[in-house]
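Please open the model in your viewer and keep the sequence panel beside it. We will go from the whole chain to single residues, one selection at a time.

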Amino acid sequence: MSNETNSNLTPEQMAARIAELEGRLAKGTSLSFKVSEKGAVSVYGLGRFPVTLYLEQWDALLTHGAELREFIEANKPRLKTKDPSKK
């Protein structure tokens, strides 16, 4: 959207803007992947910014997936979540 304020929008433009924002919210619930300009893999949808690692970093992380899950389980009482009902 350009430098226009919401008061300058027509009802049709406002409806289009609402639809665009609703689409962004819906996309936020799923993960998507992209190859970055530098050749790394970026994961979108986990937070405000993408998580970007190079191939060997992803391989190392995925190789230690079971170890990471064990670590998380062992430290769960000390870890914070965004949603307190998920503890």
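The tour below begins with the whole chain and then moves to chosen places within it.

**The whole chain**

Begin by selecting everything, and keep in mind that this is a predicted model. The secondary structure of the protein chain comes to 3 helices and 3 strands, and if you follow the chain along its sequence you will meet them in the pattern α-β-β-β-α-α. Of the 87 residues, 7% count as buried, while the chain exposes about 8,000 Å², with carbon and sulfur atoms supplying 59% of that area. Among the contacts with a separation of 6 or more, residues 24 or more positions apart account for 0%.

**Colour by confidence**

Next, colour the chain by pLDDT, which averages 84, with 79% of the residues scoring at least 70. Where is the confidence lowest, and where is it highest? Select helix α1, residues 11–27, for the lowest mean, 76, and then strand β3, residues 51–53, for the highest, 97. Where pLDDT is low, the predicted coordinates should not be read in detail.

**Strand β2 and Ser 42**

Now select residues 41–44, which make up strand β2, and pick out Ser 42 within this strand. Is Ser 42 buried or exposed? Its relative accessibility is 4%, and because buried means under 20%, Ser 42 counts as buried. If you display the side chains of Ser 42 and Thr 52, you will find them joined by a polar contact of 2.7 Å. Leaving aside neighbours within four places in sequence, Ser 42 is in contact with several residues, including Ser 32, Phe 33, Lys 34 and Ser 36, and also with Pro 50, Val 51 and Thr 52.

**The loop after β2**

Move on to Gly 45, which has its place in the loop between β2 and β3. Gly 45 counts as partly exposed, at 33% relative accessibility. Draw a distance from the C-alpha atom of Gly 45 to that of Phe 33, and you should read 9.0 Å for two residues that are 12 residues apart along the chain.

**Helix α3 and the nonpolar patch**

Select Leu 61, Leu 68, Phe 71, Ile 72 and Leu 79 together, and show their surface: they form a nonpolar patch with about 420 Å² of accessible area together. Which helix gives the most to this patch? Helix α3, residues 65–74, does so, with 3 residues. Within helix α3 you can pick out Ile 72, which is partly exposed, with a relative accessible area of 35%.

**The salt bridge**

For the last stop, select Glu 73 and Lys 76, and show their side chains. How many salt bridges does the structure hold? The structure holds 1, and you are looking at it here, where the side chains of Glu 73 and Lys 76 meet at 3.0 Å, N to O. Lys 76 is partly exposed, with a relative accessible area of 42%.

Notes
Residues are numbered from 1 along each chain as its sequence is written. This is a predicted model: local features need pLDDT of at least 70, side-chain atom pairs count only at pLDDT 80 or more; totals for chains, interfaces and linings use all residues. Side-chain values use heavy atoms; hydrogens and water are left out. Helices (H or I, at least four residues) and strands (E, at least two) are DSSP runs, numbered from the N terminus. Buried means under 20% relative accessible area, exposed over 50%, partly exposed in between (1.4 Å probe, protein chains only). A polar contact is a pair of N or O atoms within 3.5 Å; within protein, one must be able to donate a hydrogen and the other to accept it, and residues adjacent in sequence count only if both atoms are side-chain atoms. Contact means heavy atoms within 4.5 Å. pLDDT is the predictor's confidence in each residue, from 0 to 100. Patches are made of residues with over 30% relative accessible area and no salt bridge: like charges are joined within 9 Å, nonpolar side chains (Val, Leu, Ile, Met, Phe, Trp, Tyr) within 5 Å. Accessible areas come from the Shrake-Rupley method with a 1.4 Å probe; for residues, only the protein chains shown count as cover. A salt bridge is a side-chain nitrogen of Lys or Arg within 4 Å of a carboxyl oxygen of Asp or Glu.
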